[in-house]
Amino acid sequence: MCGWGRACVRPAAGSTSRTVASTSICSCASAWSVASVRTPATTRPRRSSPMTTIHRALPTGLAPADPDELLRLTLLLAHDERLPELLDLTSPERSWTRLEATDLMEVWLIGWPPGTGTGWHDHQGSSGAFRVVHGALTEHTWDRGARTRDLARGEGRSFAASHVHDVRNEGATAAVSVHAYAPALRGMTRYAVAGGALVRQQVERAGQW
Ligand SMILES: [Fe+2]
């Protein structure tokens with residue numbers, strides 16, 4: 001049972017990250033959980049995880065669907081310098097782990113080796129936010145042509161449910177970012193650039209990644 005009260009499978013020792021298909025394993029073997037075990041409550045105050053803080057702050061049953069609220073949520077998480085340890089940043093592929101998920105929202109941690117990206121996609125009606133916690137990312141958006149926005153460490157971006165983008169690591173070093181979505185992602189629509197416009201391709205349902 002993890003710190004969030006979920007049944008879970010603890011990854012093998014020395015491996016707390018998954019590459020590509022990772023949603024079947026809970027992320028409870030996080031540095032936050034480890035910290036609480038190693039620090040006796042009688043000697044030092046027990047540190048609350050960022051997600052515990054968030055759960056306490058949110059009224060029961062209310063999703064933080066406001067993109068600005070999601071962006072603030074990522075700011076709380078981004079202060080934890082141990083987050084990159086949850087991912088295998090030596091992998092040549094993007095890797096990710098879900099930090100938290102409810103019916104109303106979810107939070108992901110994503111690792112980006114140099115040269116990797118998402119491709120053009122939307123979020124199937126979820127609003128969201130993401131913030132760079134290590135390295136740098138570039139977000140490509142479309143407004144009668146491609147637009148780009150560079151995001152350095154600590155910088156974030158929120159977006160409404162209709163947002164379409166392509167996020168890439170165009171730097172020379174690995175990047176890590178934390179992402180929050182509300183409601184929880186139900187899927188993504190893929191797009192391609194054709195004839196000077198974004199053209200819908202296929203829909204990926206949650207669980208396919
Ligand atoms: Fe996205």
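Biologist: Which order do the strands take in the open sheet of five?

Modeller: Quick caution before that. This is a predicted model, where local features need pLDDT of at least 70 and side-chain atom pairs count only at pLDDT 80 or more, while totals for chains, interfaces and linings use all residues. Residues are numbered from 1 along each chain as its sequence is written. Strands are DSSP runs of E with at least two residues, helices are runs of H or I with at least four, and both are numbered from the N terminus. Two strands pair if DSSP finds at least two bridges between them. Here the order is S1-S2-S8-S3-S6, with antiparallel pairing. S1 and S6 stand at the edges with a single partner strand each, so one side of each has no neighbour in the sheet. On average, neighbouring strands are turned by 15° against each other, direction ignored.

Biologist: How many bridges join S3 to S8?

Modeller: Seven, and the two strands run antiparallel. One pair to look for is Ser127 with Ala182, its bridge partner in S8.

Biologist: And which strands does H3 lie across?

Modeller: For angles, axes are lines fitted to C-alpha atoms (for helices, over the stretch in contact), and values run from 0 to 180 degrees between N-to-C directions. H3 lies across S2, S3, S6 and S8, and runs at about 25° to S3.

Biologist: Which residues touch the most other members of the largest nonpolar core?

Modeller: In soluble globular proteins, nonpolar side chains tend to be buried together. A residue is buried with 20 or more other C-beta atoms within 10 Å of its own, exposed with 12 or fewer, and partly exposed in between, with C-beta atoms placed from the backbone. A nonpolar core joins buried Ala, Val, Leu, Ile, Met, Phe, Trp, Tyr and Cys residues through C-beta atoms within 7 Å. In this model that core has 29 residues, and Leu109, Val178 and Ala180 touch the most other members. Helix H3 (67-78) and strands S1 (95-101), S2 (106-112), S3 (127-134) and S8 (175-182) each supply at least two residues. S8 gives the largest share, six residues. Contact means C-beta atoms, placed from the backbone, within 7 Å. Beyond four places in sequence, Val178 touches several residues, among them Leu77, Leu109 and Phe130.

Biologist: What is odd about the backbone at Gln124 and Arg144?

Modeller: Neither is a glycine, yet phi is positive, about 50° at Gln124 and about 55° at Arg144. Gln124 sits in the loop between S2 and S3, while Arg144 is in the loop between strand S4 (137-142) and S5. Gln124 is partly exposed because 17 other C-beta atoms lie within 10 Å; Arg144 has 7, so it is exposed. There's also a cis peptide bond between Ala182 and Pro183, with omega about -10°. Pro183 belongs to the loop between S8 and strand S9 (187-194).

Biologist: Where is pLDDT under 50?

Modeller: pLDDT is the predictor's confidence in each residue, from 0 to 100. It stays under 50 over residues 1-47. Where pLDDT is low, the predicted coordinates should not be read in detail. Among the elements, helix H1 (residues 31-38) has the lowest mean, 29, and strand S7 (residues 165-168) the highest, 98. For the protein, the mean is 77, and 69% of residues reach 70 or more.

Technical notes:
Contact = placed C-beta atoms within 7 Å.
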